[in-house]
Amino acid sequence: MVKINLPVIILRGIILLPNNDIKLEFDNDVSKNIIDIASMFHNNNILVVTQLDTLEENPNINELQKYGVVAKISHKIELPNGKIRIVLTGINRAKVIEYLSSDSLESIIENEDKIVINEEKEQVYIKKLIKEMEDYIKAIPYVSNSVLSLISNITDLNQITDIIAPYLQLSIDRLNQYLCNNSSVERLEMLLKDIYIEKESFNIERELDSRIKNDLDRNQKNYLLREKIKIIKQDLGEASIKDEDINKIRNKIKEIKASEKIIKRINDEVNRYETLSEASPEANIIRSYIDWMIELPWNKYTLDNDDLINVREKLDFSHSGLEKVKTRIVEYLAVKQMTNSLRGPIICLVGPPGVGKTSLAFSIANAMNRNFVKISVGGINDEAELIGHRRTYLGSNPGRIISSLKKAKSSNPVFLIDEIDKMTKNYKGDPASVLLEILDPEQNKYFSDNYIEEEYDLSKVMFIATANYIEDIPEALKDRLEIVMLSGYTEYEKIDIAKKYLLPKICKEHGVNFKGIDIKDETILKIIRCYTKEAGVRELDRLLSKIIRKIVTTLAIKRILVNKFIIDNKLVIEYLGKEKYPFINKLSSEIGIVNGLAYTSFGGDVLPIEVNYFKGNGNLVLTGSLGEIMKESALIALNYIKANYKYFKINYELLMQNDIHIHVPEGAIPKDGPSAGVALTSCLISALTNLKIPKTLAFTGEITLRGNVLAIGGLKEKSIGAYRNGIKKIIIPDGNYRDLDEIPSEIKNNIEFVPVKNYKDIYKILKEN
C-alpha cells in the first residue's frame, strides 16, 4: 500500500464518514495554519480524526484514533470577524501509521482498500437496506425522509451505508464503530440491527406517551370540573377572595419570561397555595414567596446605549478626569457591539472619600441607559444579608442582591456595592466569602438565593464595587475584581470641578442663575485651602452650598433682585466664619529638619521630620505617634549611617556618646509605613554633619541596611501634597519612575523628580546643594 502524508484536523465529539459533508468554523491560528497547509501542499486534502473524549482539552497524539477519514476542502470562506468557514467532504477511510507533532499536527496514512463483493449480492443488499429504511422513516415521524432522495440512485453498498448511518439516532461510539469497519457487508448488518432497535424503542415510547396522554386528559377533566364549581359558587354568591387572587396570579405567570423550570416551580407553589385554608399560617408564607418569584425581572434586559461618543460625552459632563474608568466603560460597550454577547465587567473603584466613586457609578448607568441599584455592605457581618434566609425561618426574605434586582426591574442593571473594604466577620458568617460567588464571572450565572432556591443569572449585571483602602479587601475577593485606583484631586482640579460641576448643580438646586454668580479662582482656592482638608470635593460641595444658601437668604429677606453677585474673600469669611485650617507653610530650612512625604486618607501631605542629639549612651528616642514599621525604618536608617560613618565623614564617638531623638510633628496623628526611610536617613545626616538641606527638597522611599532605595506607593498623592506646600524637587526611588506618567502635568512642570537607586546617590545631591 502507498503511504502518504497529510495534515490532521481533530474533531471533538463529531464523526465524519466518507461520502458525507460537514461545515466547520475556526478562529484559532493553529487550525487556520492546518487549513492553509492542506490548501497549498496537499491539493485541499486533509485527514479528519475524531477525539471521543470531549472533556480532554489537549489530547496526547499517542492516544488519538488510528482510523480517520481523508476529506477534501470543498468550500472555504473567510468571515469578517476573522473566522474561517469550510466544508469538508469525506472521501475514503484511512489507517494512521504515525502521527507527526510539529507546529501543526500531521500524519502518515495508508488508504483502506475497498473489499470487493459479488455484484448481484450487492444489489440485493442495497434493495433490502432501502426497503428497511423506507419502513423506518414511515414508522418514526421525526426522522427526515430527505435521505431517501440521496440513496435512491446509488448502486455502491460502501457509499450507501456511509450515507445512511449519520441519519440514525446513534451514539458517537456507535458511529465510530462504523468508521473503523472497512467491510460494507458488516456495516450493512450493523445498520439493519440499529434500525430494528430504533423501531422497537419508538414503539415503547409510543406506549408511554399514550399512558401519559390519558393522565393529562384526566387532569384536564379535573380542571374543567373545578372551573364549573367556581362558576356555580359565583352564581350562588359564594366565590371567595382567594379564588380571585389565584386567577390574578395565574394571569401574571403567563406574562413573565422565566424558564420552564421556574414557571413549573411557581405553578407548583400556586397549587399548594390553592389547597391550603386561608387561615393556615403556611398560606401567607407561600403567597409571599409567589409574589417574589413573579416580581423578579426574569430575562428582562434594557438596551445599552450603542453610541460610544454619546456615552463618553455623558461621562465627561458629569465627572472631571477619571480617564481609566471612562475608557473601560467605552471599551466594554465597543466589545459588546462586536460580539453581541459579553458578561458584565466587575470593577472596583478604590480611592479616598469624596473623589466621586459612588456618583460615578450612577453616571455610568445613566450613560449606558441602564437601571441603577446600590447596596452598602459596610459593617455587614451576616452573610444572610446578601443571600437571604431560608423559608423555614419566621419572617424570612431574600437577600439584598435579589431584593435590589427586584427594584431594578431588569436583569442587567449597574449594581453598586459600596464599602466592600468595611465588611466584618464573626460567628454569623463571612459576607466576603459570599461575594466571591456573586462577583466571580464564572459562577454568578448560577447564583442561588437561600429564599428563592432557584438559580438566577447575574452574568449580565455590571457590578461596580467601591473601597477606600485596597489593603482591607480580602485577597480572594480582590482577585475577582478589576481594580481602578482613583487618587485625590489637585487644588487646581478642585477649582475646575467647582466651576464646571459643583456650582452649576448647586445654583440649579437653589433656584439661582449660575451666570449671576461671580467667584474668582483665588476665592475658591482659599475655600479649598483654609476650610477643607480632603482628597475629594465632598466638603467643598457643602461649603459652596452654604454660601449659595446665605446669598439666597439675603436676597429673600431684603426682597431685592440682582443680576450679579460677587463672592470674594471677605464674603467667604463672613459666610463661613474664621478659617478652619489656616494655611501654614510647613517648610523649614534648618539643620536637622527635612521634608518627608505622607499619604493619608485626605490625600498627600508634607511630613516634616526633626532630629536632635544630646549627651547620652547612643540610645535612639522616637516620638510623634510612630507605628512599628516607621520605628524600624528609623532604626535601619541609624544603623546604615553607623555602618558607613566614614563615607559620611561622621565622628563615630558622636554616635556612641550621644542619645539621638527623632520627632515627627503633629504627635496626635498616628504615622506608619516604610516610605520615610530616606527622609529619616537624610535628617540624621543633616543633624550629625551640620548639613543644611533646602526647604524646597522632599524625600520619599524605603531604605535597606545596604542603602538601597526601594519603591513606595501613593506617589501621585504625595506629589500633590508636595506641590501644595511649595516643594520644588522630590527625590524618589528609581522603581517609581514608571509612576510619573500618572502625575498631573501641572505638577511635573513645577517639580523636579530625581530617581535614585542607592542612598549614596542622594548624599551626592545633598552635598551639591
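Begin with the whole chain in cartoon representation: the protein contains 26 helices and 24 strands. The model is a predicted one.

Keep everything selected and consider the overall dimensions. Along the principal axes, the C-alpha atoms occupy a box of roughly 120 × 90 × 55 Å. The radius of gyration is 39 Å, whereas a compact globule of 769 residues would have one near 27 Å.

Next, display the surface. About 40500 Å² is exposed, and 50% of this area comes from carbon and sulfur atoms. Colouring by burial marks 46% of the 769 residues as buried. Colouring by charge brings out 107 positive and 109 negative charges, whose mean positions lie 7 Å apart. If contacts are drawn between residues at least 6 apart in sequence, 74% of them join residues at least 24 apart.

Now select residues 729-733, which form strand S23. Is this strand enclosed by the rest of the structure, or open? Of its 5 residues, 5 are buried, so strand S23 is largely enclosed by the rest of the structure.

Add residues 697-699 to the selection; this is strand S20, which pairs with S23 in the parallel sense over 3 bridges. Within this pairing, Ala698 stands opposite Ile730 of S23.

Then add residues 752-756, strand S24, which runs parallel to S23 and is joined to it by 5 bridges. Show the side chains of Pro733 and Val756: the latter, in S24, is the bridge partner of the former.

With S20, S23 and S24 displayed, strand S23 can be viewed together with its parallel partners S20 and S24.

Methods: Residues numbered from 1 in each chain as written. Predicted model: local features only at pLDDT ≥ 70, side-chain atom pairs only at ≥ 80, totals over all residues. Heavy atoms only, no water. Helix = DSSP H or I, 4+ residues; strand = E, 2+ residues; numbered from the N terminus. Rg over C-alpha atoms; globule rule 2.2 N^0.38 Å. Buried < 20%, exposed > 50% of the residue type's maximum accessible area, 1.4 Å probe, protein only. Contact = heavy atoms within 4.5 Å. Areas by Shrake-Rupley, 256 points an atom, 1.4 Å probe, with all protein chains shown as cover. Lys, Arg positive; Asp, Glu negative; His and termini not counted. Charge placed at Lys NZ, Arg CZ, Asp CG, Glu CD. Pairing = 2+ DSSP bridges.
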